[in-house]
Amino acid sequence: MNILLAGGSGRIMDAMIDKLNKGGHRVYLLTGQKEKKNSYRHVFERYNFSYSDENLLLIVESIKPDIVVFMGAYDTNFDWSRERQESVRFTSSLMNLLSACSILENSRFLYLSSQEVYGESYEKNVQESQEVSPKSYKAMAIAQGEEICRNYRKMKGMDTVCLRVDGLYHIPEKGCRENDPCFRMCLEALKTGNISADKSHRFSMIYVNDAVESIYRAMMERELKQSCYHISSMEEIDELQLADFIKEEMGTDIGVTDHTGAEGRRLILDGNALKSELGQEIFVHYPEGVRQAAQFMKKQKGSFMGTDGVREGQKTLWDRVKSTLGSLAPYIENLVCFLLFFLLNSQTAGSRYFERLDFYLLYVLVFATIYGQQQAIFSGVLAVAGYCFHQMYGQSGFEILLDYNTYVWMAQLFIVGMVVGYMRDHLHQMNEERTEELRYLNEKMEGIADINDSNVRMKHSFESQLVNQKDSLGKIYEITSSLEQYEPEEVLFYAAQVLGTLMDSRDVAIYTVANKDYARLFSSTSAQARKLGNSIKYTDMKEMYGELKEHRVYINKTMTQGLPLMACAIYEQEEMQLILMLWGIPWQRMTLAEANRLTIVGTLIQNATVRASRYMDTLKSQRYVENTNVLREEAFTQIVNAFFEARDKGLTECTLLEISAKEDDCWKAASDLEKHIRQTDYMGIFGDGKLYILLSNTDRENAGRVMERFKSSGYESLPKEGIV
């Protein structure tokens, strides 16, 4: 399945990726940020885009995921120390992601919520139907996310599922802050040497691996009865008990202070709905989970001691001074230039060379052109002040105010300055808009280029799978077609070898069905594959037989002793002919993907084996001595050669016996000994006219018992070594 995970890096994300990879799924990752900091193993393709990016729709269209998982309450992209701002960004991010995923058909959207949506105290375990009661901005944002998912389910028909995880805890990442009680108490113990605990505060926690296992089951279930489930261990614990666990791991020098108050608080989510529908097992309990977290934090003490330091981006006094000086710099520059132009105007007054040059107008034009309208007005005010001050050398202030030339000059100065400043600001704004538009288009083009590069990489990867990988149809067909080169007597031997190659297993066995109850071993690739014996009553293996008779692949998920790890049957006209058994497969490969591969391989092998089987049936009617079960020399030689070659390659066991009977008595001996051999054994004659019996899947030790039976019937026999 194609699965898209949306969220930042963290322990839960790593656990999800590992679990999905073991399940044989193709994992895509939307990081939710532009930075390309972290590398992820087992991720098929990663997209470093924010949730607000317009290319989100293109990403979803190119992936077409079967399941989308939004980390929600556990997404490390959101800094909840700024709850008000992040609550808005969280809601909008979820809306954008849901909007993009709404185009998908037959896809499931999982939203991870938490117990934080409940802010009250509850005497009984809280069921999914209980109305939420958020108290903080973060809790309100998470609860609002649940409501948004429900609305999309109702209005758009999307398969949205909310999973509320109760008290998730894990081994923290080095230097990172977590919000679970275990982390807070461990950090308090490291910093103060003491843990404050409230015995009346009762809750439950679940380890990250157990939570991921439950999430995975919800992902894989074809149809879910509810739209919301609680994932909880339902193991009640109070702060004092948790503090004792931490103290035990941190050391005896850690103190525990009991500050139990009058008002207690209890919050435990009821996970029975998910447990009864999907099944749930808790593998990591409090002693083990807390021990791992406490030991890690104790070992990495230095990295956690600075988690309460000054936040990044917090400005110092010198930063504020530099910022203020930067804002005042144009005004200071304006004043300095004004003094320069004031001196020039004073020194050139009365000069016939400069009498037509207005230095104040030039001064205003310079600043209007460089800084715009705001500085033009400021420089105009300074120029008027300088003009009036200069005019007061020969006139009184009252006379200057009554002179209409003063007002004409001032109007000219401000009109020219403001017009030039306005034009400069307008051109600057147009240039900024053009630059911003160009930046936006470049970012969009880079995003499209990244998506295209990703699609090209996926295309090449798929092409490589089709051509080179062992599980590609082309490669499977190429290998199974090699069976066509073998003689009919050899096909079933080498079919085991081919099956082992394609399924990457050293332990493969092929059993031929003798009747409706028993199957006999025909070929195998190892002693492990032969451990069930040469003959099995497969109908007694009810767990396996129930799957095989329904034409399904059997997977030994419970690791039951005495059964193969995987098996499938080959049918001809609804009759079971062969049973293919696999051993020695790693647990993480016992998946639906491997079962599908075994089905394909079995179907392709069937063509060759059925052809060989039909040919062997033809041999019985055409190449046997008339009215006997004795093969003629040519046919018997081919079969003996095929068995001995397969034995030398470790694919089977066989023994050839020479019967001590005169040539005239061979037919009587064959008739007498027929009742002592199996359907899979062969009788034949060679050029010396003697009777020989080939015992299939029989070593020298077991052949001795058969020889005793022959002797009791009056016939001596002698093992014959080598290929005849």
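In what order do the 7 strands of the open sheet stand? The order is β3-β2-β1-β4-β5-β6-β11, and the pairing is parallel. Two strands count as paired if DSSP finds at least two bridges between them. Strands (E, at least two residues) and helices (H or I, at least four) are DSSP runs, numbered from the N terminus. β3 (45–47) and β11 (228–231) stand at the edges with a single partner strand each, so one side of each has no neighbour in the sheet. From one strand to the next, the twist averages 20°.

The model is predicted: local features need pLDDT of at least 70, side-chain atom pairs count only at pLDDT 80 or more, and totals for chains, interfaces and linings use all residues. Residues are numbered from 1 along each chain as its sequence is written, and side-chain values use heavy atoms, with hydrogens and water left out.

The chain holds 22 helices and 25 strands. Of its 724 residues, 45% are buried. Buried means under 20% relative accessible area, exposed means over 50%, and partly exposed lies in between (1.4 Å probe, protein chains only). The exposed area of the chain is about 37,800 Å², of which carbon and sulfur atoms supply 51%. Accessible areas come from the Shrake-Rupley method with a 1.4 Å probe; for residues, only the protein chains shown count as cover. Contacts (heavy atoms within 4.5 Å) were also examined by sequence separation. Among those between residues at least 6 apart in sequence, 69% join residues at least 24 apart.

At one end of the open sheet, β2 (residues 26–30) pairs with β3 in the parallel sense over 3 bridges. L29 stands opposite R46 in β3. Helix α3 (residues 83–101) lies across β1 (2–6), β2, β4 (67–70), β5 (108–114) and β6 (159–165). Its direction is at about 165° to β5. Helix α4 (residues 137–155) also packs on the sheet, where it touches β5 and β6. The direction of α4 makes about 155° with that of β6. Axes are lines fitted to C-alpha atoms, for helices over the stretch in contact, and angles run from 0 to 180 degrees between N-to-C directions.

The structure holds 0 disulfides (pairs of cysteine sulfur atoms within 2.5 Å). The sulfur of C149 has its closest cysteine sulfur in C162, 4.5 Å away, which is too far for a bond. C162 is likewise in no disulfide. C149 is buried at 0% relative accessibility. C162 is buried too, with a relative accessible area of 3%.

T655 lies in strand β22 (residues 654–659). This residue is buried, with a relative accessible area of 4%. The T655 side chain reaches the backbone oxygen of T698 at 2.8 Å. Leaving aside residues up to four places away in sequence, T655 touches I693, L694, L695, T698, D699, R700 and A703.

Two residues in loops have positive phi although neither is a glycine. For K64, phi is about 50°. K64 is found between α2 (56–63) and β4. K64 is exposed, with a relative accessible area of 56%. For H551, phi is about 60°. H551 is found between α18 (542–548) and β18 (554–555). H551 is partly exposed, at 46% relative accessible area.

Definitions and conventions: A polar contact is a pair of N or O atoms within 3.5 Å; within protein, one must be able to donate a hydrogen and the other to accept it, and residues adjacent in sequence count only if both atoms are side-chain atoms.
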